[in-house]
Structures are given as C-alpha cells and as structure tokens.
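Student: I would like to go through this protein with you, sheet and salt bridges alike. Could you show me what we will be looking at?

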Amino acid sequence: MELTFTHHQSAHCENGVASNLLKNSGLNISEPMVFGIGSGLFFVYLPFIKVNHAPAISYRTLPGQIFNKVANRLNLKIKRQKFSSIANANKALDENLKNNIPTGLQVGVYNLSYFPDEYRFHFNAHNLVVYGKTETEYLVSDPVMETVTTLTYEDMNKVRFAKGAFAPRGQMYYPIQIPKDVDLKSAIIKGIKNTCRDMLAPMPIVGVRGIKMVSRQIRKWPKKHGVRKANHYLAQMVRMQEEIGTGGGGFRFIYAAFLQEASVILGNEELKALSKEMTQIGDSWRDFAVEASRIYKNRSAKEDAYNTIADELLDIANREEIFFKKLKKAIS
C-alpha cells in the first residue's frame, strides 16, 4: 500500500513534515514560511536540567509547537493522537493509511536504522511522515533525508515508543481541515511578533538574555568544572546547535529565507534588508561552532580560547538584540 505523496528534503524535521503534509493537502507553503509563521526560532538555557550530562540548551520551541501555531494562525485543523499501547498506535496508523492519509509521527532518533551511527542518539523529538507500508516495512518520508526510505515494523515500534525526555508515546498527527483561502499576511505578522517577544523576553535564561548568560558561563566553565568537563559542555552545546535540529546558524538561515518571502507578501522592503542581516548573524553562529569545536578537540592554539569564544557569543547576542528590535519596529 503506497499513497501519493511527494517527498521534499528540508533543513529541519518539524518544518519539513508540516510543509510536506500541507503541500500534500493542497496548501503550497514553504519550509521557511512554516518556521516563521510557527515562531520556531527561540533560545533557552536550562542549567538545572542536564541532557547528556551537560546543561540543557534549546534553540527552538517545544516539539509540536511550530505546526500547532501554523494551524492556529492559518485557521487549519490538525488532529494529534497519543497512545498507551503499541497495538492501538499501529491500528490507528494503519487505519489512516487505508483511508489515504499520509501521517506525521514524532519519534526517537536512536533506532532510526537509516540514520548514520554518529547521528543516532537518545533524542525523542524527531519528525517524519509515513505514507504507506509493505508486508514487512513502513514507507517513510523523513524530510532531513535526500530520498524516501523505510523502517521495519519492529523498528517503527521502537522509535514510536522510545523512552526518556519528550517520549513520543506513539504520537501521530495530520491535517483534517484546510480552508480554501488562508490569510498569510496576518499569520506572518503574528509569527514575527511572537518571535520578537520571545527573543527580547525580560527573563535571564530566554532569548538574547539567555545567550548572554551562556556567554558568561562559558568563561567560568574551565575553572569551575575543569577542562575535561568544560570541553564536554561545549561539545554538547555545539551538538544541540548544529546537529540536533540545526539550531544556531541553520535556524538563522531558514529565518532569513522566511523574511525574504515575507517581504514580498507584505510588500515590506525593510524585511529584505533584515533577511540579509540575519544571514550574516547565521554565519557568525557557524563560526562560533567551528571555534568551539577546535577547543574541545584540542586543536585551538589560542591561549585564552574560552574567553575568546565567549566574546564571540556575546557579540552574536548583542547583534541579535539590535536585530529583533529593528524587526519588531519594521512590522509595527
């Protein structure tokens, strides 16, 4: 059983699944537009929560929120279901496939057999689409992969019921109602205002203030925890930024593409200029990741390496603060 479904590769799984499912239902919306309207860009530092034995840093909103906000702002209806048993989860998915409904799933990454080993770790907020099945496998469109792929029934059960933080509990979701006309303009403005509010939030661990706080912490890590632990913290930060959901630079490039599209739809030239500025900030996030990786791989020749990258991060935070203030003004 194979449903008609067009696979488009994307930079990030949740945007990609949302965009692909909506395109399949007749609403042609790009990945950057999903990310921008869904206010996916975010930053939070949670030192009191440990992920892989390092302070938690997230560059995005909670799993599922991007698609939920897109639905809310474009007046779409999405159905979401979680299950207490594997049998019920399989029954519901198979029922959807019988009814010709490609279905989004939240899954754990660790047992995705088509991922290279170095990308398989315990992270439960990955997203993919199931668009059919054979006698032994499910047909999978994972938007971060170049082409469609498959998962055995056994592996599918493992990824849908992975344990740990953000355990998916068999979660599946799919659009059930899409209006003929959607108001992109108002949705774009709501999405931008939400992101500006988040990134300029007055809380010390959120948005640009959170980035500044991490910059201050990086300076203290080697003395406070010793070089080995400090290197591990830094490695985990880069992993969250560049590998788990494309966080830092990657998200800035997607957001820049969103602003470029938004500038045309809203007829707002300022957004085009801000799009270029955001691309440059994205480049700086990438440079930060490269410098940080040199430190934890012990290849950095810089004497005061930790202070140097803390300075880089502080500069990014200051530029983003100016950027989001300008963006807020540009749409007010």
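Student: Which residue in β5 is the bridge partner of V107?

Tutor: Keep in mind that this is a predicted model. Strand β4 covers residues 103-107 and strand β5 covers residues 126-133, and the two pair in the antiparallel sense over 5 bridges. In β5, the partner of V107 is H126.

Student: Happy with that. Helix α4 packs on this sheet, so to speak, but what angle does its direction make with that of β5?

Tutor: Helix α4 spans residues 86-98 and touches β4, β5, β6 and β8 (172-177). Taking its direction against that of β5, the angle is about 60°.

Student: And for α5, what is the angle with the direction of β7?

Tutor: This helix also packs on the sheet, with contacts to β4, β5, β6, β7 and β8. Its direction and that of β7 make an angle of about 85°.

Student: Let's step back to the whole sheet. Which strands stand at its edges?

Tutor: The sheet is open, has 6 strands with antiparallel pairing, and follows the order β3-β8-β4-β5-β6-β7. Two of its strands have a single partner strand each, so one side of each is left without a neighbour in the sheet. Those edge strands are β3 (77-81) and β7.

Student: Which residue in β7 stands opposite Y138?

Tutor: Strand β6 (residues 137-141) runs antiparallel to β7, and 4 bridges join them. Opposite Y138 in β7 you will find L151.

Student: Which residues make up the uncovered face of β7?

Tutor: Strand β7 takes in residues 149-152. T149 and L151 belong to its covered face. The uncovered face is made of T150 and T152.

Student: On to charges, then. How many salt bridges does a search of the whole structure find?

Tutor: As a reminder of the background, side chains of opposite charge can pair when their charged atoms come close. One example is the pair K158 and E154, at 3.7 Å from N to O. There is also a network of salt bridges linking K212, E321 and K325. For the whole structure, the search gives a total of 10.

Student: Is E154 buried or exposed?

Tutor: E154 and K158 both lie in helix α5 (residues 153-160), 4 residues apart, about one turn of the helix. K158 is partly exposed, with a relative accessible area of 37%. The cut-off for exposed is over 50%. With a relative accessible area of 53%, E154 is exposed.

Student: How far apart in sequence are the parts that R219 and D311 tie together?

Tutor: R219 and D311 form a salt bridge, their closest N and O atoms being 2.8 Å apart. R219 lies in helix α7 (residues 207-225), while D311 lies in helix α11 (residues 305-330), so the pair ties together parts whose separation in sequence is 92 residues.

Student: How accessible is D311?

Tutor: Its partner R219 counts as partly exposed, at 31% relative accessibility. D311 is also partly exposed, and its relative accessibility is 43%.

Student: One last pair: is E291 buried or exposed?

Tutor: The side chains of E291 and R294 meet in a salt bridge, at 2.7 Å from N to O. They are 3 residues apart in helix α10 (residues 269-296), about one helical turn. R294 is partly exposed, with a relative accessible area of 38%. Buried means under 20%, and E291 has a relative accessible area of 16%, so E291 is buried.

Terms used:
Residues numbered from 1 in each chain as written. Predicted model: local features only at pLDDT ≥ 70, side-chain atom pairs only at ≥ 80, totals over all residues. Heavy atoms only, no water. Salt bridge = Lys/Arg side-chain N within 4 Å of Asp/Glu carboxyl O. Buried < 20%, exposed > 50% of the residue type's maximum accessible area, 1.4 Å probe, protein only. Pairing = 2+ DSSP bridges. Contact = heavy atoms within 4.5 Å. Axes fitted to C-alpha atoms, helices over the stretch in contact; angles between N-to-C directions.
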